[in-house]
Every structure is written in C-alpha cells, then in structure tokens.
Amino acid sequence: MASEEASLRALEGLMTEFFHSCTTNERKREIEELLNNFAQQTGAWRHCMFFLSNTRNEYVMMYSLTVFENLVNKMWIGVASQDKMEIRSCLPKLLLAQHKSVPYFIRNKLCKVIVDIGRQDWPMFYHDFFTNTLQLIQSPALAPLGLVMLKTTSEELACPREDLSVARKEELRKLLLEQVPTVLGLLTGILETYWDKHSVIASTPPPSPTSGESMELLGSLFQGSQYSKLLCQPMAALDNESHQLCCLVLECLAHLFSWIPLSTSITPTLLASIFHFARFGCDLRPKLNGQQNEANKVDRARLGLLSMTCVNELVSKNCVPMDFEEYLLRMFQQTFFLLQRLTRENNAHTIKSRLQELDERYGSILNLTRALVHEQTHSPTHEGYFACLDIWSVFLDFLTTKIKSRLPDRESVLNRYKDALGLLLREVLNRIQFRCNQAQLEELDDETLDDDQQTEWQRYLRQSLEVVAKVMELLPSYAFSTLFPVLQENLDVYLGLQQFIVTTGTSRRLNITAENDCRRLHCSLRDLSSLLQAVGRLAEYFIGDIFAARFSDALAVVERLVEVTCYGSQTSLYDLETAVPSVLKPDLIDVHAQALAALQAYSHWLAQFYSEVHSQNQSQFINLIKSAIDASSPLITTKVPEKLMLSACHLMVSITSTVRPVFLVTLPAVQNIFNLITTQNQTRRLPQEAHMLVCRALSNMLLLPWPNLPESEQQWQTRSSNHASLLAALTREYRILRGTVNITSRQPGLNDTVIQQTLPVLRDIVDSVSSESTKSRQICYQSLQESVQVSLTHFPVFIQQPDVTDEMLAFFLTLFQALRVQMGVAFTGQIIHTFLSMFTREQLAASILHEGSAGCRVVQKFLKILQVVVQEPGQAFKPFLPSILSLCMEQVYPVVAERSSPDIKAEMFELLYQILHQNWRYFFKTSVLTSVQRGDSEDTMENEAQFTAAMQAFGQSFLQPDIHIFKQNLCYLESLNSKHKLYHRKLFRTSMLFHFINVLLQVLLHKSHDLLQEEITLAIYNMASVDFDAFYSAFMPEFLNGCHGVDSSQRAVLARNFKLEQDLPSFTQSVQRLVNDLRYYRLCNSSLPTGTIKL
C-alpha cells in the first residue's frame, strides 16, 4: 500500500510537471517515454485502479483511464480471464461511487472504457452489461448516468471501428436491435413523465404564452384533429435537473435514429413527445412572472435544437412506418405548429387576422406559405432570410414541376397560389430596396469577396432575384405588372437628373447638395441598379414559344433600356462632380453599367425579333440596334471608368455574336471603333480585357454567318478581305518580330510585351469561331496564317522564358482545338515536330522543377496539345505516335514519377489514356473476324514494350498518395476495359491482372484511399470476373500466404469466409469482410504479450 501511495504521488508530480508551462519539450518527451513504458508493463492496470480510487488529480485520472482503454482495445485478448473478471467488476463500481464527484469528461471516459469491455465480452462473459445500463436508466437518481452509458453504447457498438471482426460486428448489431423496443419505450416514458410533471395545468388569459391562443392560431388546419389538444398544451416549466435529463434522452434518440430500422420503431407517442420538446426552441421571450435570463434561453433553445435533430434524422432517413399517411399527417401538423410558433407576433390576434382569410379559403398549404412569408418579412437576420428563400426555392420548384405535369388544369392550380405568390414577390422586392429596408441593407458588405467571388450584398441580391425569377416563370404577366411600375418610378428619378446638371467652364456638377436629398438619391440609384438586374434576370421569360404572346411587354422593356443607356452615355453622368463623390459617383456608374448589362441580357430576344418579325418592323429593329451601339460606343475609351467600359464591350460582343445584324458593320459608330482599335498605339491602348472584347466583337461581325440569309448573300469575299485587314492591323507589331529574332537579346522586355498582348487577342478570336461553320474558320485561319508562322519561328527562341512560352503554347493549343483541319496535315506535323524536338528531358526537368510555376503550365499545355493530336481520327498523325509515346514514357514520366506534380501527372496520364483508347490497334492488331475465329486469347500484339511501360505507370500511380490521380487512373483502366476489354487481353491477363488486384487490395488494407472504397472494390470485381476460377483457386491462396501478421489458422478462416460468389453485391461483401478481418487479426496478434503460444 505504501509503495502504491508513493507511486501515486510520483505520478501526480510527473503529470503536473508535464502540463506546466515552464516544462521544456525535451523534458516532456522524457516524461512521455516513462509513462508509455509504465503503461506497457503487465499488471499496470492494478496500479491505475488504485490511482483512480485515491486521486483527485484530473491528469492522473485521465492517464489511468487511457491505460485501461489501451488495455481493452489493443491487448484484451492476451489478458488473463481472472484479471478480466476483476476489471469488469471494479470499473462499474468505481463509476457508481465517483460519477458525481469527478469532472464530466472523466465520467464519460470511464463510461467509454466500460462500454469498450462490453464491446469485447457482452453477452458471453459480461452478460449483465446492457441490463445494468437499463437499470441505471430506470433509477431516478442514476438515470443521467444510465443515459450517458446508453449513448456511448449506441456510438461504440452499433457502428464499431475496425478492431472487431465482421462476425462480431454483426453479432453486436443483432444484440442491440433486440433491445431497441425496450430502450425506446424507456426513453419515451421519461419524456412523457417529465412533460406531464412540469406542464402548467392552468391556462392564463391572453396574451400569455401559456394561454389557449395556439388553438386560435391553428385555424381550420387542426379543427377536429385528435392531436389539437396535445399540440396546444401549455409549455412545461422544467427545472435544471429535468432539463439536463431530457437533453440526454434526446441526444440518445438522435444517435439511435441514425442506425435503427426507423420504419418499425417509431410510435405516435414518441413522435408527439419529441415535438413537445421542440416547442422550447420556438418561444424564447421573457416570461411574465420574471425575466428569463440568457442562460435559461440558451437551455430552452438547446432542448428545441436537440428535438429537431431527432426530427431531421427521421426525415433524412426517409422513414416510412406501417401507417405512413397517419405519420405524414402528424409530422406536417406538428412542423406547421412549430412554424406558427416561430412566426407569431406578440399580439396573437394580429397574426390570426393576417392568416385567417387564406386559411379559410385554401387550407393548410397556403397557411404554410403565408407563415413562411411572414417569417421572411420579420426575420431579424440575413441568414434567417436566406433560409426562407431556400425553402421558397424548393416550394416553387415543386409547384413548377406540378404545373408542368398538369397542363389541362394549370390555371386552376395557379389561381390557388396566386395571392400567396404575389405576396411573396412584393415582400422580396421590398427586401432588396433601400427605400424600404435601408438600415438592414447598409449592413451588408459590398467589398469582400467570398469563395464564390461575390460580395455579401451580391449574394443577397442574387438569391432574392432567383426567387423573383421563379415566380415570374409561374405568373409572368402578374410578376411583370408588379415589377415594371417600381422600375419606372426609379427610372423617372434617374432620367430627371439632367435638369440638375450645372456646367461651369470645363467642369460639370450635379446640383443636389442637401443631405436628405443626397440620401434619397443614393437609395433611389441603388434600388434602380437592383431592379435593372431583376429585369435582366427575367429576359429568358420573353423568348422561345412565348415570344409572340409577350412581345409587347418585352419591347417596352427593351425600348426603356435603350433609352436609359443612351441617356447615360449622352449626359455622361459618370463624369459629374457630386456633393458626396464617394457615394453618388459609384451609384451613377453602377446604374449605367447595370442598364447596359440588362440590355445585353435581352440579346437573345433581339435575335428572335430579328429572325421572326424583323421584316414587319424593320425600322423599329434597326433603331433599337443603332441606339444600343450609339449608347455603348462612346464608352469604349480609356477616359471612361473601367466597369462602365467593360459593360459596353460585353454588350457589343453579345450583339455581334447573338443578334448578328447585316447592317452592323456599316454603322458610323462601328466604323469609329474599327479606326480606334486598328490605329491605337501603346499610350492610347484600351485595358487588355476591354481590348480583347472589342477585337472579338469586330471579328464576329466579319466572321459569323448572318441569320436569315442564304450562303450566296453572305458576302464572304468582302468580309474575308476586311477580316484580313483587321488582323493585319492588330498583329502589326507582332509580325515585325519575324526576321529580327536576334532583337530578343537587345529588347526582351518590349518583345515579351508585344507577344503577351497580341497572342491572347488572337486566341480569343480563334476560340470564338471554334463551334462555327467551316467557312468562318477558313477565313479566320487565312487571316491568322502569317501570325501562326511567326509564332512557330519564335518558339525556339523563347523556350527558356516560361511566361512567353506559356502564352505561345496556349495559342497553339487553341489553334489545334479549333482550326487543326484548316491548318492542314503538313503544317500541323511541322508544329508537332518542332515541339517534340524542343522539349528534351533536360528542358522538361527544368520546367517541372517548380510546381505551380509558368514552366509547369508550359508542360501542361504541351501535353494537352498532344492529347488533341492523338485523338484525331484517320492516319494523318499516326506517324507521330512512337515519338509521342517515347516522350511521354521516357522523358516526362521519369521526371514526374518521383515528384508530386499533380497537374502534370493528370495531363500525362490523360495523354496515355487517349493514346491507348484512340489508337488501340497500334498495340492490338486483331481484326474482328480473327477474334471471333480464334478467341481473345490469340491477341496479335505489337509495340508490347510501350504498352507494358504504360500499364506499369498506371500501376505505379496506385502506390502514390494522390487520391485525385488514383481516381482518375482507376477510371481510365475501367474505361479501357469497358471499351476494349483490357482485362481480357492475354498479356494483361497473364502477367498484370493479379498484380493490379494485389495492389488494389493492399490499398484497401492500408486505408490510404478510403474515399474510393466503392470504386476500388468494383475494379477488383471486374478484374476477378475475367476468370473467377483462377481468382479463387490461384490468386486468393497466394495473396493470403503473402499476408504478414496472421497465422495459418487465421488465413484458413479468412479463406473460408470469402464466399465463392460471382455476383457483385456478394463479392463486395466478401472483399469488405476480408479487409476488415485481416486488419483485426493483425491488430490482435500485435497486441499479444511476448511469448504467447498461438493455438
């Protein structure tokens, strides 16, 4: 006893020293080594039992319990049966004696150790384990402890980790399932008892929360319902002890619901009890008989939250009880009741009057929609508003689907919901307008970008407008008549600003200076910007089949947008001096930009107008387009704010690519832009993004086919000549570089700038015609031909400059993807030959050295170009296959094999896959007739060494930690098997198949790629199914014999448990059992004491 006392004091001293802030890391390592050595000693648990009984040091208690936990989970199989019996007896007694005096985390840890013992020994050697837990729950004084034990049991036994065999896991689940009815009965009883015990019997007069107001609130929905009295019972007033106990019960239920068979377990009484306690989260107002403190509010909210967690488990598991309709009705009734509790106002009669009319007319669903709108209107937080919008989105999607499936009675269905949807639309429009909601909207951040590259304000507006759009889809005329007047009202303010412009010399000033007037103008401009976005978002609901029916509305919108954009450009409001320049100037710029963007959204409507009714309204259409161009062209200058300039450029691009009017190129404003772009120098040059957009628009005018005209009237010859002139002007400085290669040594900076400014523009032009007609691509390539030659000539010169090379290869990649037919085989071959000769192993190694660098991007693009080449059908590029394979396997692969290089590896394996998939006959010459006559076993193999090297590279990638490359390559192998029967080919089947299966099984055993378990198991099945007999008779014995850490009897059990089944579900189950049990046996064997004799 004295020695144990001394050991305890020494341990307390060590633990205190270990956690002291002054202890060095070196000393901590020494203490840790001492503690680990002590824990490994046979019989250390006896000392720990003494320590637990005689210390109050939390560090010592936690350490002692960790020793027990390690003993039970890792060494239990080697512990003597007498010692096990003593431990099973002592630890529960210790728990009963100390559970109130020790900290909760020590109590929970001790509970877990006892449960871990039960996991190993119940019921054979620990028959009263679960019975003891149930007895604790039934004892009022010990019920909290019993519930902690129950929850821990559910966590550790229902979903055990891998330290149990599959047979034991199945046994435990079966044993637990037998106890589920008893457990649920006990838990339901506790909830009912405490609710009934603490409920307020008397009902106080309104407006008290415990009054009969709820019955009035429910209206017709619950009249006559047998549950109305239950739902409207007054709230229980729980004391702290009762609250904690009910929280534990709900925590247990939530975990039980995650794994028990719900359909046969859920009773009406249990469901009702859960919803009773959910009400605690709905009414957190101060009590009338004394202020409810913050701690009490948090406790009540926690009860509600835990109850709803249980409900969510039921819903997420698609619980379908025997009496499903009754269950669904109760679930809806009680959820709706909670929603009403959440959305009611302090005055119960106010909410009643707001709900009553729809309630009486339409019933429960409209009650729900009305309550949601009310919650949305009065939600104090943005997150609450977003949550309401999410619910509305789901409901509106449901309604849209329902209406599409019931076209005959579409109108009657819509009329039922029209009032509710109209209310929703008005409320959402109010929520996004500063004049109605300025205080809340000013709080939103409009500067910091989130992961989706949008600000908090942009997210708020976007989600609101999505709901507006969904309502528009259902009620287009109603939505338009609601939105357009609000837009007009703000437009009148904007259009009236011209009268307040005062010109003094060269300066122009907005003569609105009063603080209140400036604030009102700010709100109006912000609202106009939002409403213009709303109008743009609705553009899709004016085109297609409803174009004619909604033509007049759309025309009114487009004419108004054209008027606004012209007005903004003519008055140059963006250039005014204002009383509050930091606020009003950005507002004016944003309104102008949003008007241009909204007009751009109607480009598809303009295209349909051009195609369908242009001939009847020719002058009207021409005026709209001319005015739109006149509005945007003055903004394409460096003197205009970039945001506004880019909006004008995007509008120009949309008109030229989507509408494509014949007369566009003849407009004076367009001619001015041609002159601006073709004569500009570096000092007058537009910003790069704007320059690219304008060049694309000008190119589109000349390259894209005109709609409504036959081929003979397309004027291709004139347009081709003009396009060549345009590109000659755009590439003037770039083409001058040809023949002056040596200039790079004198002026590398200038040359780099010219290349990096010119090639992105050319690439963008090529990309814009990639999906167009052959004629458009032919003209494009003719105009580009000299620039392409210059690029190829300069490529070797700039090979040591990754930034420039990256830009060149990006250009060539786009050329290969869009214009390879136009380039011709000879020139394409010349390009490939140049690239292959430049990318030596040394050059590749230098480029790949720094991951994420420009050099890496160069190699990626080079590999992408080769992917395009090897996918080309026909024989034209087949002569390059040996060189490409050689480069891939002998130059790229050795460099990236030992490095992470995920981006380059992904492209390299993509290239390998495309070589194999698109050029299968390069390796396997077998004709269809031969394969039918001789069978697959007689493959005629060519280029075997290269095929083998490619397969080895795939196999090697499965030994690497990169899960993305692993998944990609596994998909590639499966695809090759699906399309070309890879696994059945003789070479693969005889010399590679078992190696691949072995590697994939080892990956499962090491749990290194657990996210891909299903994919890996499916691949193993597909490989094994090539020859199940060989798999079971040859591979499995060889695999098991090679498994270390298991003895012969365990190998025999593993082999016996792997069923000789050939269907996928059974095979999958066998693989999972093999992996689990093999890991379990290894764990058991590694924990046996030294010298243990295995029987």
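**Exercise 1. Register of a hairpin**

Find the residue in β2 that is the bridge partner of I501.

*Solution.* The partner is L510. Next, place the strands: β1 covers residues 501-504 and β2 covers residues 507-510. Strands here are DSSP runs (E, at least two residues), helices are runs of H or I with at least four residues, and both are numbered from the N terminus. β1 and β2 pair in the antiparallel sense over four bridges. Pairing requires that DSSP finds at least two bridges between two strands. Finally, inspect the turn: two residues lie between the strands, and G505 takes a positive phi near 65°.

The model is predicted: local features need pLDDT of at least 70, side-chain atom pairs count only at pLDDT 80 or more, and totals for chains, interfaces and linings use all residues. Residues are numbered from 1 along each chain as its sequence is written, and side-chain values use heavy atoms, with hydrogens and water left out.

**Exercise 2. A helix pair**

Classify the packing of α7 and α9 by angle, then list the residues that meet.

*Solution.* Start with the ranges: α7 spans residues 129-138 and α9 spans residues 166-198. Their axes stand 11 Å apart at an angle of about 10°. Axes are lines fitted to C-alpha atoms, for helices over the stretch in contact; angles run from 0 to 180 degrees between N-to-C directions. The helices are therefore roughly parallel (under 35 degrees; over 145 is roughly antiparallel, 65 to 115 roughly perpendicular, the rest oblique).

Now the contacts (heavy atoms within 4.5 Å). From α7 come F130, L134, I137 and Q138; from α9 come L176, Q179, T182, V183, L186 and I190. That set divides into seven nonpolar, three polar and no charged residues. Nonpolar covers Ala, Val, Leu, Ile, Met, Phe, Trp, Tyr, Cys and Pro; charged covers Asp, Glu, Lys and Arg; the others, Gly among them, are polar.

**Exercise 3. Q867**

Is Q867 buried or exposed?

*Solution.* Locate Q867 in helix α38 (residues 854-870). Its relative accessibility is 7%, so Q867 is buried (under 20% relative accessible area; exposed is over 50%, partly exposed in between; 1.4 Å probe, protein chains only). Leaving aside neighbours within four places in sequence, Q867 contacts E907, E910 and L911.

**Exercise 4. Backbone checks**

Describe the backbone at P123, Q453 and N943.

*Solution.* W122 and P123 share a cis peptide bond, with omega about 5°. P123 sits in the loop between α6 (104-121) and α7. Q453, not a glycine, has a positive phi of about 60°. Q453 is exposed at 56%. N943, also not a glycine, has a positive phi of about 50°. N943 is partly exposed at 30%.
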